[in-house]
Amino acid sequence: MNGGAATPPSGWATGELMAVELARQLRNDDVAVMGTASAIPQVACGLARATHSPDLWFVAGGACGVNPHLAPTVASCCDEELLRSDTVLPLGDVVLLEGRGDVFTVFFAGGLQIDAYGNCNLVAVGDWARPALRGPGTVGLPFLSRVGRVLIYSLSHNPRTFVERVDFLGGPGFLDGPGSWVEAGLPGGGPAAVVTPLCTMDFDQATLRMRLRSVHPGVDVAQVVEATGFELVMPDQVTQTAAPTSEELAVVRRLDSSGVLKGR
Amino acid sequence: MDKVLSVGEAIERFVPDGAGLVAVGGMHLQNNPMALVREMVRQYRHVTRLLTSPCGALNADLLVAAGLVEQIATSYVGFEHLGLAPAFRRAVEAGVLRVLECDEAYITHGLSAGAGGLPFVALPAGLEFADVWKANTESYCLVTDPFTGRKVLAGAPLAPDVALLHAAAADAAGNAVLAGAHFVDRSMALAAKTVVLQVERVVPTDQLSRQAVGTTIPGFLVQAVVEAPGGCHPTASHGHYRVDEAHLRRYLSLAASADGALSYLEEFVRGVTEQDYLRSVQAGASVGGEL
């Protein structure tokens, strides 16, 4: 993967910091769902449960373990290890509940392209019929339209990934902005936050465009601006992402005992 | 009735060349019915339309690499944390493989529609804001909800002519036990006109009937049972062995070019019998889990 932060400034890996930062977006009453290649959000949910949100539930889509016990964390969302869980749902039931719309409060998403309005694309770069880059496909991302809060994470932060407009809309964010968003009347709450190796972003309430919230330790604002292919909304003051505490890192490393997050 | 066949006989008898809609089970790098897929390649069985679970992997990419797939209905073909699917990507970018773009909800509910004889399935509101249906008007269309008058997305039923599936065990009549996660494998079995199963082992019926509740595929839906211990390799088989990442990385690096893909097919598929393949990967140091 391209576009990570330079050398981590101190004793944690980028994937670990991203898990910690995603955990901070979660709440005690959340029921979260995630899919393909979701080791980072799984650890984020495990960390949230072990610290500030003991009553949070999370479903590791694919294998569909509910509150998978991790330790070790695995790279594939369909790995048998994820069946060591509190309960396991059939995949078809998770798809039903995603459609129901009032069960999952958080959906973790990502893409080959993520645009200024938080729309995601895992399908194709360029013209869909004859793409410059054919991606794998959209899986469950169309369900983003139905979930409470969408938390976007990406291991790449560069102008090819963060684009003004996705070439193929596979996971609806705020569509084309406030007018289209209101008109669509989507049941979900839309994208809430975006975590990358460089920074954490949220969305400006007036324009519904992505806004820089905090830069990770060792990263400066100019780096983020240069790595983003559209004009980010700038808050009056950009803060620095709080470094992972030793308690957070200890939990992350207990859950990710085989170091999947460090390997990225 | 004894449905146990060799892998060669099962494909020869039950998967015609040019079959209309062929479903391959498993999801991501787990439970791919690779013994059956490799035999499709050995017998040059062309597929008019291949259907994956919500996430296809080597089960689809190998058939595409062999040039056997005309169209693919899928919501994902890739190798998750290991990378993109090289043959799928190359074929689509070159315009030689037509994609029927799908999403997870449609594949899952569409198979239920196929299994239940539903004329179509209505999908949850909001999904129409993704571009998927616009790219695949053969499988999706916007219709008016007769109860509310709102526009909603409808999907055509998915009823495979053949489903190629992996199960942990089956008896000779085809009653089968799926171990671990089922993904959409049961739905594929329920919806398909013909089901060819590969299993880690064939077991006596009385052994299964002691756990009849867990024997979730009834034999009357199954036409052929192939005993293929290790047959998901290099993908994992839940309850039996884990994914062989070293072998998959070798596939990915070879299949990065069309010539390399052909040499992989020659070395690991067409040039060897299934028995020899399994013997060679077990003998190699790269094997993962307890084959």
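Before anything else, a word on pairing: two strands are said to pair if DSSP finds at least two bridges between them. With that in hand, please keep in mind throughout that what we are looking at is a predicted model.

Let me start with one such bridge, in chain A, where A:Val150 stands opposite A:Pro191, a residue of strand 12. That bridge belongs to the pairing of strand 10, residues 149-153, with strand 12, residues 191-195, and these two strands of chain A run parallel and are joined by 4 bridges. On its other pairing, strand 10 of chain A meets strand 5 of chain A, again in the parallel sense and again over 4 bridges. If you would like to follow a path across these strands, begin at A:Ala109, whose bridge partner in strand 10 of chain A is A:Ile152, and then continue from A:Ile152 to A:Val194, its bridge partner in strand 12 of chain A.

Now, what is the strand order of the whole sheet in chain A? It is an open sheet of 10 strands, and they follow one another as 4-3-2-1-5-10-12-13-14-15, with mixed pairing. At the edges of this sheet are strand 4, residues 87-88, and strand 15, residues 239-240, of chain A, each of which pairs on one side only. Packed on the sheet we find helix 2 of chain A, residues 39-50, which touches strand 1 (31-34), strand 2 (57-60), strand 5 (106-109) and strand 10, and whose direction makes about 165 degrees with that of strand 1 of chain A.

Why do we describe strand 10 of chain A as largely enclosed by the rest of the structure? The reason is that 4 of its 5 residues are buried. For the student who wonders about the side chains here, the general rule is that in a regular strand they alternate between the two faces of the sheet.

Let me pause at one residue of the neighbouring strand, A:Val195, which lies in strand 12 of chain A. A residue is called buried if 20 or more other C-beta atoms lie within 10 Å of its own, and A:Val195 counts as buried because it has 30 C-beta neighbours inside 10 Å. Leaving aside residues up to four places away in sequence, A:Val195 touches A:Met18, A:Glu21, A:Leu22, A:Tyr153 and A:Thr200. By contrast, A:Phe174 is 21 residues from A:Val195 along the chain, and their C-alpha atoms are separated by 17 Å.

Stepping back to chain A as a whole, its secondary structure comes to 6 helices and 15 strands. Its C-alpha atoms fill a box of roughly 45 × 40 × 35 Å along the principal axes, and its radius of gyration of 17 Å agrees with the value near 18 Å that a compact globule of 264 residues would have. Of those 264 residues, 56% are buried, and among contacts between residues at least 6 apart in sequence, 68% join residues at least 24 apart.

Turning to chain B, we count 11 helices and 11 strands. The C-alpha trace of chain B spans about 60 × 50 × 30 Å along its principal axes, and its radius of gyration, 19 Å, agrees with a compact globule of 291 residues, for which one would expect a value near 19 Å. Buried residues make up 58% of chain B, and of its contacts with a separation of 6 or more, 77% come from residues 24 or more positions apart.

Chain B also has an open sheet of 3 strands, in the order 5-7-6 and with antiparallel pairing. Its edge strands are strand 5, residues 121-122, and strand 6, residues 140-144, each pairing on one side only. Strand 5 of chain B is joined to strand 7, residues 151-155, over 2 bridges in the antiparallel sense, and B:Val121 stands opposite B:Gly155 of strand 7.

Finally, how do the two chains meet? In the contact between them, 42 residues of chain B touch 43 residues of chain A. On the chain B side, helix 4 (86-93), helix 5 (104-116) and helix 6 (132-135) are the elements that give two or more residues, and by class this side has 22 nonpolar, 13 polar and 7 charged residues. The largest nonpolar core has 189 residues, of which A:Ala19, B:Leu63 and B:Leu197 touch the most other members. Among the residues that B:Leu197 touches are B:Leu165, B:Ala167 and B:Val222.

How values were computed. Residues numbered from 1 in each chain as written. Chains lettered and ligands numbered in written order. Predicted model: local features only at pLDDT ≥ 70, side-chain atom pairs only at ≥ 80, totals over all residues. Contact = placed C-beta atoms within 7 Å. Axes fitted to C-alpha atoms, helices over the stretch in contact; angles between N-to-C directions. Nonpolar A, V, L, I, M, F, W, Y, C, P; charged D, E, K, R; others polar. Rg over C-alpha atoms; globule rule 2.2 N^0.38 Å. Buried ≥ 20, exposed ≤ 12 C-beta atoms within 10 Å, placed from the backbone. Core = buried A, V, L, I, M, F, W, Y, C linked by C-beta atoms within 7 Å.
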